[in-house]
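Biologist: Please take one part of this model and go through it closely, strand by strand where needed. I would like the account to start from a single element and work outwards to what surrounds it.

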Amino acid sequence: MGLLKKVDGFALDPLSGVYLIGAFSVYGFCNFCLSWVFGPVLLSYAFYSLTAISLVTVYRRYVDQFGEPLKVQYDKKNPFINRVVNKCKCLTTELYTPPLIGLIDTTGTFFTILGAFVKMHRFPPVNYVREMHTCKDGGTIGLDWVEPKSGDPKKNSPILDSEYNANSTDPIVIIQHGNNGGSKISFVLHIAWRIQRETNWRVVVMLCRGCSGVELTTPQVYNTVHITDFIETVDKVRKRYPKAPLYAMGWSLGATIVGRFIGETGKKCELNGAILVSPTWDFLLDKKKPTIWFDVWAEMALAPALKDNVRKNKQKLEELGKDGVVDLDHVLKSKNVKEFDIRCQVPRSPYKSVDEYYKYASPALYSENITVPTLSINAQDDPISYIEAVHDTKAGPGLVFAMPTTGGHCAMIEFGSKMNNSKYMQSYPDRAIMEWISVLEEERMAGCDWRSKR
């Protein structure tokens with residue numbers, strides 16, 4: 001984590017101060033030039049007045065946005081969760097430190113774009129070993145295992161060495177990617193690289209049907225209702241590593257899938273813990289009360305990604321889906337996510353309408369059953385996953401909501417902070433993921449986990 005300074009109770013990133021000083025210097029220079037060119041004293045007074053108003057506005061925005069950098073909500077009556085939260089510095093003392101440049105971003109859109117740009121600028125070197133898995137319904141998913149840093153040949157071939165697998169107690173982190181993603185997207189690469197570099201944990205990324213080079217073998221494409229693939233992934237990893245603690249995490253749509261899984265399985269869940277980054281808790285709320293920024297993201301990013309997946313797999317879908325249930329040409333003309341779901345997802349689901357589909361796709365329907373220690377990170381200005389859905393979600397005894405005041409969707413970049421002095425930029429979710437699992441592992445090693453009564 002980068003250096004933090006406390007100013008009147010607020011956490012500041014020193015590098016952000018440089019940006020702010022630079023911005024005001026440019027503003028002052030422009031003011032001087034215009035006054036020199038146009039001359040009238042009135043113009044100069046007008047700019048000085050505008051400067052004063054701007055300073056007051058920035059100060060009020062600063063107080064509103066950064067006065068309470070993080071809200072944390074959970075069941076304080078649960079002694080285990082209470083102890084875990086209090087041990088996590090990312091939830092108590094070393095909170096999210098947003099750059100002051102975020103003062104100009106009231107919608108989370110800038111942070112969302114910035115987070116993607118910064119992490120895409122440099123990709124950490126991560127190598128995978130791919131394993132294919134045939135699901136019970138004939139569908140195919142991929143499992144990309146991160147090659148460990150260790151030179152142990154057994155550890156480098158965990159798929160093949162049954163003796164090593166049966167006795168391994170190294171924690172395993174199962175990652176679920178987001179919309180039309182895979183193991184090579186920036187968010188997954190950064191956290192996989194960090195886990196590989198700093199710990200002895202194993203990492204495997206579940207690749208959804210038709211994504212990241214996984215061939216479609218049924219007409220069923222991935223969606224948040226169809227979580228049986230993730231269930232089979234957890235079961236497969238558990239059978240292979242019977243003694244290893246299991247953790248799961250997801251980004252965006254992947255976080256929503258993991259959230260549904262831990263809610264539906266409840267006390268029977270095989271996981272030791274989970275982390276959800278920017279999940280959508282209630283699709284009905286997202287779709288029925290869209291803002292202009294959600295519409296922009298839906299039309300310019302989300303829907304194109306969904307259609308791109310269909311386009312890449314169109315030939316295979318036409319071969320497999322000769323029943324005529326889905327008109328692929330009509331699907332590819334969808335303008336937004338809702339149109340896509342009506343034309344592509346609902347027809348192959350057991351639900352009669354898109355609203356019913358959204359209802360059962362929402363983790364909020366099962367959130368009261370979440371007993372696994374689960375950290376859900378949702379920025380309050382997320383332009384895609386509405387914070388109102390978090391406020392309306394009834395949390396189970398294991399669910400912890402961490403809500404930074406700002407940060408956008410899956411971004412929450414921390415300027416001036418890098419991963420253990422490496423060249424790769426760190427985000428608040430990266431830091432929180434590492435600490436959340438580390439604390440849970442510390443508790444487990446002490447003989448206590450969420451299933452115990454301690």
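Modeller: Two strands count as paired if DSSP finds at least two bridges between them. The model is a predicted one, and the part I take is strand S9, which covers residues 273-277.

Start with how S9 is covered. Five of its five residues are buried, where buried means under 20% relative accessible area. In a regular strand the side chains alternate between the two faces of the sheet. In S9, Gly 273, Ile 275 and Val 277 lie on one side, Ala 274 and Leu 276 lie on the other, and both faces are covered.

Next come the partners of S9. Strands of a sheet pair through backbone hydrogen bonds, either parallel or antiparallel. One partner is strand S8, residues 246-251, which pairs with S9 in the parallel sense over five bridges. Within that pairing, Ala 248 has Ala 274 as its bridge partner in S9, and Gly 250 has Leu 276. Between S8 and S9 the chain passes through helix H10, residues 253-265, and this β-α-β crossover is right-handed.

Strand S10, residues 374-377, is also paired with S9, again in the parallel sense, over four bridges. Here Ala 274 stands opposite Thr 374 of S10. Ala 274 therefore has a bridge partner in S8, namely Ala 248, and faces Thr 374 in S10, while its side of S9 is one of the covered faces.

These pairings belong to a wider sheet. It is an open sheet of nine strands with mixed pairing, in the order S3-S11-S10-S9-S8-S6-S7-S5-S4. Strands S3 (70-73) and S4 (128-134) stand at the edges, and because each has a single partner strand, one side of each is left without a neighbour in the sheet. From one strand to the next, the twist averages 20 degrees.

Two helices can be placed against this sheet. H10, the helix of the crossover, packs on the sheet and touches S6, S8, S9 and S10; its direction makes about 140 degrees with that of S8. Helix H8, residues 186-198, lies across S4, S5, S6, S7 and S8, running at about 150 degrees to S8. One residue of H8 is Arg 194. Arg 194 counts as buried because its relative accessible area is 8%, which is under the 20% cut-off. The side chain of Arg 194 makes a polar contact of 2.9 Å with the side chain of Glu 198.

Further along the sheet, strand S5 (140-146) offers another covered strand to set beside S9. Seven of the seven residues of S5 are buried. Thr 140, Gly 142, Asp 144 and Val 146 point one way from S5, and Ile 141, Leu 143 and Trp 145 point the other way. The pairings of S5 are antiparallel: seven bridges join it to S4, and four join it to S7. Tyr 128 stands opposite Val 146 on the S4 side, and Trp 145 has Val 204 as its bridge partner in S7. S4 and S5 form a hairpin with five residues between them, and Gly 138 in the turn has a positive phi of about 95 degrees.

One point on cysteines may matter at the bench. A search of the whole structure finds zero disulfides. Cys 88 is in no disulfide, and the nearest cysteine sulfur, that of Cys 90, is 4.8 Å away. That distance is too far for a bond, because a disulfide requires sulfur atoms within 2.5 Å. Cys 88 counts as buried, at 0% relative accessibility, and Cys 90 is likewise buried at 0%.

For the chain as a whole, the secondary structure comes to 18 helices and 13 strands. Of the 454 residues in the chain, 56% are buried. Among contacts with a separation of 6 or more, 77% join residues 24 or more positions apart. To return to the starting point, S9 is a covered strand with parallel pairings to S8 and to S10.

Note on methods: Residues numbered from 1 in each chain as written. Predicted model: local features only at pLDDT ≥ 70, side-chain atom pairs only at ≥ 80, totals over all residues. Heavy atoms only, no water. Buried < 20%, exposed > 50% of the residue type's maximum accessible area, 1.4 Å probe, protein only. Right-handed = clockwise from strand over helix to strand, strands pointing away. Polar contact = N/O pair within 3.5 Å; in protein donor to acceptor, adjacent residues only side chain to side chain. Axes fitted to C-alpha atoms, helices over the stretch in contact; angles between N-to-C directions. Contact = heavy atoms within 4.5 Å.
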